[in-house]
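This report walks through a single protein model, moving from strand pairing to the interior and then to the sulfur chemistry. Please keep the sequence and the coordinates at hand while reading.

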Amino acid sequence: DDPQYILSNDVASEYLDVLSANEYWNTTSGTGCWDAAAEPKPICTCLDLNRTKTSATTLGWNYSLQNHIDMERCALNFPSAAPLAANWTPIGDVTTAYNGTFDGQDFSVKGITIVGGSRLGLFGDIHVSGTTAGTLQNIGVIDVDINGTGYYVGGLVGDADSAIISDSFATGSVTGVDNVGGLIGDGSYATISDSFATGSVTGVDDVGGLVGD
């Protein structure tokens with residue numbers, strides 16, 4: 001069964017006041033619970049999630065998901081978020097990969113949709129920075145609809161070279177050409193544990209239910 005995507009039932013109590021104060025519940029506003037001074041940085045909304053990819057600095061920060069996020073619901077509440085729901089731009093790319101630690105705290109992101117391109121997933125690229133490996137843990141993506149036209153396409157991560165991924169999952173439909181997987185497109189040298197993927201995976205070369213390559 002899908003979890004219930006209702007913030008008041010899930011979000012940590014310390015952020016309920018924050019969300020109320022910044023008018024999260026107002027459909028024309030809402031800045032989530034973004035706090036650049038916190039460690040790890042809290043993520044409460046799709047707008048918060050989008051802020052993780054604004055610069056090389058934010059792509060190296062540690063984050064913790066505070067509740068389930070439904071992309072369709074977010075788009076209905078926040079008009080500015082409609083493009084995020086219609087065609088998500090992955091976190092991290094070939095130029096600047098994500099290299100922090102993202103802890104989903106057993107919450108999930110529902111309804112990621114991507115049309116066209118390569119290095120696709122909730123995360124596009126996760127790599128090692130120096131001696132620190134990019135890490136995803138306790139995170140799920142539900143009902144993804146990813147229609148890539150290139151390579152490195154996964155439900156959760158497109159390219160997870162040398163990353164650490166644990167207790168995570170993906171469900172839905174993933175399509176690409178090369179290096180296509182239900183959870184990860186390319187997992188070269190990655191450490192993957194206690195994770196799974198269900199749904200359909202379609203591609204030409206290096207295609208796998210869990211990992212493409």
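## The parallel three-stranded sheet

Within strand S15, aspartate 186 is the bridge partner of aspartate 159. The model is a predicted one, and this pairing belongs to the contact between strand S11 (residues 157-159) and S15, which run parallel and are joined over two bridges.

These strands are part of an open sheet of three strands, arranged in the order S6-S11-S15 with parallel pairing. Its edges are formed by strand S6 (123-125) and strand S15 (184-186), each of which pairs on one side only. From one strand to the next, the twist averages 5 degrees.

## Strand S13 and its partners

Strand S13 (residues 169-175) runs parallel to strand S9 (residues 135-147), and six bridges join the two. Along S13, valine 174 is the residue that stands opposite isoleucine 146.

S13 also pairs with strand S17 (residues 196-202), again in the parallel sense, over seven bridges. Here phenylalanine 169 has phenylalanine 196, in S17, as its bridge partner.

## Serine 166

Strand S12 (residues 164-166) contains serine 166, which counts as buried because its relative accessibility is 13%, below the 20% limit that defines the buried class. When residues up to four places away in sequence are left out, serine 166 touches Leu136, Gln137 and Asn138, together with Ser193 and Ser195.

## The chain as a whole

The protein chain comprises five helices and 18 strands, and 48% of its 213 residues count as buried. If one considers the contacts between residues at least 6 apart in sequence, 74% of them join residues at least 24 apart. The area that the protein chain exposes is about 8900 Å², of which carbon and sulfur atoms supply 48%.

## The largest nonpolar core

The largest nonpolar core holds 42 residues, among which Phe102 and Val109 touch the most other members. At least two residues of this core come from each of helix H3 (46-51), strand S2 (63-65), helix H4 (71-77), helix H5 (82-86), strand S4 (101-110), S9 and S13. The greatest contribution to this core is that of S9, which gives five residues.

Which residues does phenylalanine 102 contact, once its neighbours within four places in sequence are set aside? The contacts of phenylalanine 102 are Ile43, Leu49, Tyr63, Leu65 and Phe123, as well as Thr135, Leu136, Gln137 and Ile139. Leu136 and Gln137 also appear among the residues that serine 166 touches.

## The disulfide

A disulfide is a covalent bond between the sulfur atoms of two cysteines. One disulfide is found when the whole structure is searched, and it is formed by cysteine 46 and cysteine 74, with their sulfur atoms 1.8 Å apart. The pair links distant parts of the chain, since cysteine 46 lies in helix H3 and cysteine 74 in helix H4, 28 residues apart.

The torsion about the S-S bond of cysteine 46 and cysteine 74 is about -65 degrees, and the disulfide is therefore left-handed. Are the two cysteines buried or exposed? Cysteine 46 counts as buried because its relative accessibility is 1%, and cysteine 74, at 7% relative accessibility, counts as buried as well.

Methods
Residues are numbered from 1 along each chain as its sequence is written. This is a predicted model: local features need pLDDT of at least 70, side-chain atom pairs count only at pLDDT 80 or more; totals for chains, interfaces and linings use all residues. Side-chain values use heavy atoms; hydrogens and water are left out. Helices (H or I, at least four residues) and strands (E, at least two) are DSSP runs, numbered from the N terminus. Buried means under 20% relative accessible area, exposed over 50%, partly exposed in between (1.4 Å probe, protein chains only). Contact means heavy atoms within 4.5 Å. Accessible areas come from the Shrake-Rupley method with a 1.4 Å probe; for residues, only the protein chains shown count as cover. Two strands pair if DSSP finds at least two bridges between them. Axes are lines fitted to C-alpha atoms, for helices over the stretch in contact, and angles run from 0 to 180 degrees between N-to-C directions. A nonpolar core is a set of buried Ala, Val, Leu, Ile, Met, Phe, Trp, Tyr and Cys residues joined through side-chain atoms within 4.5 Å. A disulfide is a pair of cysteine sulfur atoms within 2.5 Å.
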